[in-house]
Amino acid sequence: MPLYDPEHIFEELQVLPLAFTSEEIKSVMREFMIWEPYETMGKIRNARANGNVDYLSVGARDLSWQTAKLIGLANKKYFSTRAKTYSESLHMALQPEGYKEMVMYVINGNFSDKERVYLCCENLWLGLNKWFEELGINYKSESLPF
C-alpha cells in the first residue's frame with residue numbers, strides 16, 4: 001500500500017542522486033576515500049603488522065561497505081535497502097577490481113584464512129586506487145598544506 005504523500009516528496013527524493021554533476025560526485029568520492037577506505041586500509045595493515053589478525057574480518061567488512069557506497073556514488077544510483085546493497089552494487093557498471101571477491105567473503109562470512117582475507121583487502125585497495133585513476137579522481141596530495 002503506498003504511503004500518503006500529497007506533496008510528492010518521495011518522487012523528489014528518488015531523483016536526488018541523479019541531480020548532482022559529475023564533478024560534485026567526484027568531490028564527494030575524493031573526500032570519502034580519504035576519510036573512510038584510506039583510513040580503514042591503514043588500520044588493516046597496522047593490525048596485520050602488529051599481529052592483531054582478529055581485526056582483519058572487521059576491516060574487510062568495513063572496506064567492502066565503504067566501497068559499496070563509492071560504487072553507488074560513481075554509478076549515480078541509490079540502494080533500495082541496506083540489506084540489498086551488496087547484491088545491487090555487484091550489478092552496477094562502475095566498480096573496482098577486487099570488489100566482487102571481497103563481497104563474497106563478507107556475504108559468506110568466510111574469514112578463517114586470515115592471510116587470504118588480508119590479501120583480498122590489499123587487492124581491493126589496489127583496485128580502488130586504479131579505479132579512482134580511471135575515473136579521474138585524484139585524492140593524493142604531493143605536498144603538505146602548510
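Accessible areas here come from the Shrake-Rupley method with a 1.4 Å probe. By that yardstick, the chain in this predicted model exposes about 9500 Å², and carbon and sulfur atoms supply 56% of that area. It's a helices-and-no-strands affair: seven helices, zero strands. Here's the quick tour, from the overall fold down to a pair of cysteines.

**Overall build**
- Going along the sequence, you read α-α-α-α-α-α-α.
- Lay the chain along its principal axes and the C-alpha atoms fill a box of roughly 55 × 45 × 25 Å.
- Of the 146 residues in the chain, 36% are buried.
- Take the contacts with a separation of 6 or more: 60% of them join residues that sit 24 or more positions apart.
- On the charge side, there are 16 positive and 20 negative charges, and their mean positions lie 5 Å apart.

**The nonpolar core**
- In soluble globular proteins, nonpolar side chains tend to be buried together.
- In this chain, the largest nonpolar core has 34 residues, and the members touching the most others are Met 29, Leu 63, Leu 70, Cys 121, Leu 128, Trp 131 and Phe 132.
- Helices α2 (22–35), α3, α4 (55–74), α6 (99–108) and α7 (114–135) each put at least two residues into this core.
- Helix α7 makes the largest contribution, with ten residues.
- Want a closer look at Leu 63? Setting aside neighbours within four places in sequence, Leu 63 is in contact with Pro 37, Thr 40, Met 41, Ile 44, Met 102, Cys 121, Leu 124 and Leu 128.

**Gly 42**
- You'll find Gly 42 in helix α3, which covers residues 37–49.
- Gly 42 counts as partly exposed because its relative accessibility is 28%, and the partly exposed class lies between the 20% and 50% cut-offs.
- From Gly 42 to Gly 59 is 17 residues in sequence, and their C-alpha atoms are 9.7 Å apart in space.

**Cysteines**
- A search of the whole structure turns up zero disulfides.
- Cys 120 is in no disulfide, and its nearest cysteine sulfur, in Cys 121, is 6.2 Å away.
- Why is there no bond from Cys 121 to Cys 120? The sulfur of Cys 121 is 6.2 Å from that of Cys 120, the closest cysteine sulfur, so the two are too far apart for a bond; a disulfide needs the sulfur atoms within 2.5 Å.
- Cys 120 counts as buried because its relative accessible area is 1%, and buried means under 20%.
- Cys 121 is buried too, at 0% relative accessibility.

Key:
Residues numbered from 1 in each chain as written. Predicted model: local features only at pLDDT ≥ 70, side-chain atom pairs only at ≥ 80, totals over all residues. Heavy atoms only, no water. Helix = DSSP H or I, 4+ residues; strand = E, 2+ residues; numbered from the N terminus. Buried < 20%, exposed > 50% of the residue type's maximum accessible area, 1.4 Å probe, protein only. Contact = heavy atoms within 4.5 Å. Lys, Arg positive; Asp, Glu negative; His and termini not counted. Charge placed at Lys NZ, Arg CZ, Asp CG, Glu CD. Core = buried A, V, L, I, M, F, W, Y, C linked by side-chain atoms within 4.5 Å.
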